[in-house]
Structure formats: C-alpha cells, structure tokens
Amino acid sequence: FLMGEWVGEGGGQPGQGSGWFSFMPDLQQKVLLRRNHSEFPAQGGRPAAVHDDLMVVWQEGTGAMKAIYFDNEGHVIHYNVELAADARSAVFVSEPGAGPRFRLTYKETGPGQVSLKFEIAPPDKPDAFSTYIKSGARR
C-alpha cells in the first residue's frame, strides 16, 4: 500500500510542514527504498528547516522485516518493521537503548491516502511514546 510517490502536508512540532516521500523497490526487488523530503517554515524565532532522509527496508532470512534510517542531521536509526495482517498499516519501531526510542506508523486511510505519525519515547521510559509529528499524504 505504500509503494509509489506521495505528497504530504503535516503538523505537530516543530510546526506546520509540507513535503513528499516515496517507497520504491531496488536491488532487483531485494530492498525497498524510502526517500523523504520535508520543509518547515520559520517559526518562533527558529529559521526555516529542510529535512531529508533515506531508509532501506529489507526482509531477513528469518522473515523478520528490518529497516535502517539515515538523515541530513546525522541520525542513524535501526528499526524492526511490523506489517498488519491486512497489509494496510506498517509500524517501524526502534529498539530500546541508551538514547530515545522512535516509532513511525503508516496507515492507509482511504484510496491513495495514508496517515503517518512519528513518536519519540525517552530512554528511561522506552514505551512512553509521545507524538512528535502527525501528517497525511496522498498519491
């Protein structure tokens, strides 16, 4: 349900934003590449910001889905990927560790539409996720 190019608009902190993302197969269908570009306007004394990231998703020999994320801010996040039985939602969850924990959720909300939510949990409460960004996208 995520394959293709998407245009989004969003909200949350650090503010209203807009951008696009895509999910495309690569390496002879062995991996899925997600590219993301977001723009956030200047607000509250902060300058405008542009965020770009790349995520590679693959299936291990055990059948487990994994992903690794890189962005222009220097972050690298390792995710476990959970697909819903109906294949209409995907959840990317980082493992607990010394730093914050992250969860990125995509849900199909209608034909050619998805919602997405990015959440963060503090290291001392790795299951206490709070929403950082919520947005929607359309093909």
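A residue counts as buried here when its relative accessible area is under 20%, and as exposed when that figure is over 50%, with partly exposed in between. Keep those cut-offs in mind as we walk through this chain, which is a predicted model. Take Tyr-106 as a trial run: its relative accessibility is 1%, so Tyr-106 counts as buried.

Let's start with the overall picture. The protein chain has 10 strands and zero helices. Reading from the N terminus, you go β-β-β-β-β-β-β-β-β-β. The radius of gyration is 15 Å, close to the 14 Å that the globule rule gives for 139 residues, so the chain is as compact as a globular protein of that length. If you prefer to think in boxes, the C-alpha atoms fill one of roughly 50 × 40 × 25 Å along the principal axes.

How much of the chain is tucked away? Of the 139 residues, 38% count as buried. The accessible surface comes to about 8300 Å², and carbon and sulfur atoms hold 54% of that. As for charge, there are 14 positive and 16 negative side chains, with the centres of the two sets 4 Å apart. Now look at contacts whose partners have a separation of 6 or more: 29% of these are between residues 24 or more positions apart.

Next come the aromatic rings. A pair of aromatic rings is described by the distance of the centres and the angle of the planes. The chain has eight aromatic pairs. One of them is Phe-92 with Tyr-106, an edge-to-face pair at 6.1 Å centre to centre, with 75 degrees between the planes. Phe-92 sits in strand E7 (residues 89-94) and Tyr-106 in strand E8 (residues 101-110), so this pair ties together parts that are 14 residues apart in sequence. We already met Tyr-106 as a buried residue; Phe-92, at 2% relative accessibility, is buried too.

Another pair shows the stacked arrangement: Phe-102 and Phe-118 are 5.7 Å apart centre to centre, with 10 degrees between their planes. Phe-102 belongs to strand E8 and Phe-118 to strand E9 (residues 113-121), so here the link is between parts 16 residues apart in sequence. Both Phe-102 and Phe-118 are buried. Ring pairs also build a cluster, made up of Trp-6, Phe-21, Phe-23, Tyr-79, Phe-92 and Tyr-106.

Stay with strand E8 a little longer and find Leu-104, which lies in that strand. Its relative accessible area is 6%, which is under the 20% cut-off, so Leu-104 is buried. What does Leu-104 touch, once you set aside its neighbours within four places in sequence? The partners are Arg-34, Met-55, Ala-90, Val-91, Phe-92, Lys-117 and Phe-118. Two of those names, Phe-92 and Phe-118, are familiar from the ring pairs. Leu-83 is 21 residues away from Leu-104 along the chain, and their C-alpha atoms are separated by 12 Å.

Leu-83 turns up again around Ser-89, a residue of strand E7. With neighbours within four places left out, Ser-89 is in contact with Phe-1, Glu-82, Leu-83, Ala-84, Tyr-106 and Lys-107. Is Ser-89 buried or exposed? Its relative accessible area is 16%, and the cut-off is 20%, so Ser-89 counts as buried.

For a partly exposed residue, go to Val-50 in strand E4 (residues 49-59). At 47% relative accessibility, Val-50 falls between the 20% and 50% cut-offs, and therefore counts as partly exposed. Apart from neighbours within four places in sequence, Val-50 is in contact with His-37, Ser-38, Glu-39 and Asn-72. The last of these, Asn-72, is 22 residues from Val-50 in sequence, and the C-alpha to C-alpha distance is 8.9 Å.

Finally, visit the loop between strand E2 (17-26) and strand E3 (31-40), where you'll find Leu-27. Its phi is near 50 degrees, a positive value in a residue other than glycine. Gln-29 is in the loop between E2 and E3 as well, and its phi is near 70 degrees, again positive in a residue other than glycine. Which side of the cut-offs do they fall on? Leu-27 has 55% relative accessibility, over the 50% mark, so Leu-27 counts as exposed. Gln-29, at 64%, counts as exposed too.

Notes:
Residues numbered from 1 in each chain as written. Predicted model: local features only at pLDDT ≥ 70, side-chain atom pairs only at ≥ 80, totals over all residues. Heavy atoms only, no water. Helix = DSSP H or I, 4+ residues; strand = E, 2+ residues; numbered from the N terminus. Rg over C-alpha atoms; globule rule 2.2 N^0.38 Å. Buried < 20%, exposed > 50% of the residue type's maximum accessible area, 1.4 Å probe, protein only. Contact = heavy atoms within 4.5 Å. Areas by Shrake-Rupley, 256 points an atom, 1.4 Å probe, with all protein chains shown as cover. Lys, Arg positive; Asp, Glu negative; His and termini not counted. Charge placed at Lys NZ, Arg CZ, Asp CG, Glu CD. Phe/Tyr/Trp six-rings, centres within 6.5 Å; stacked < 30°, edge-to-face > 60°.
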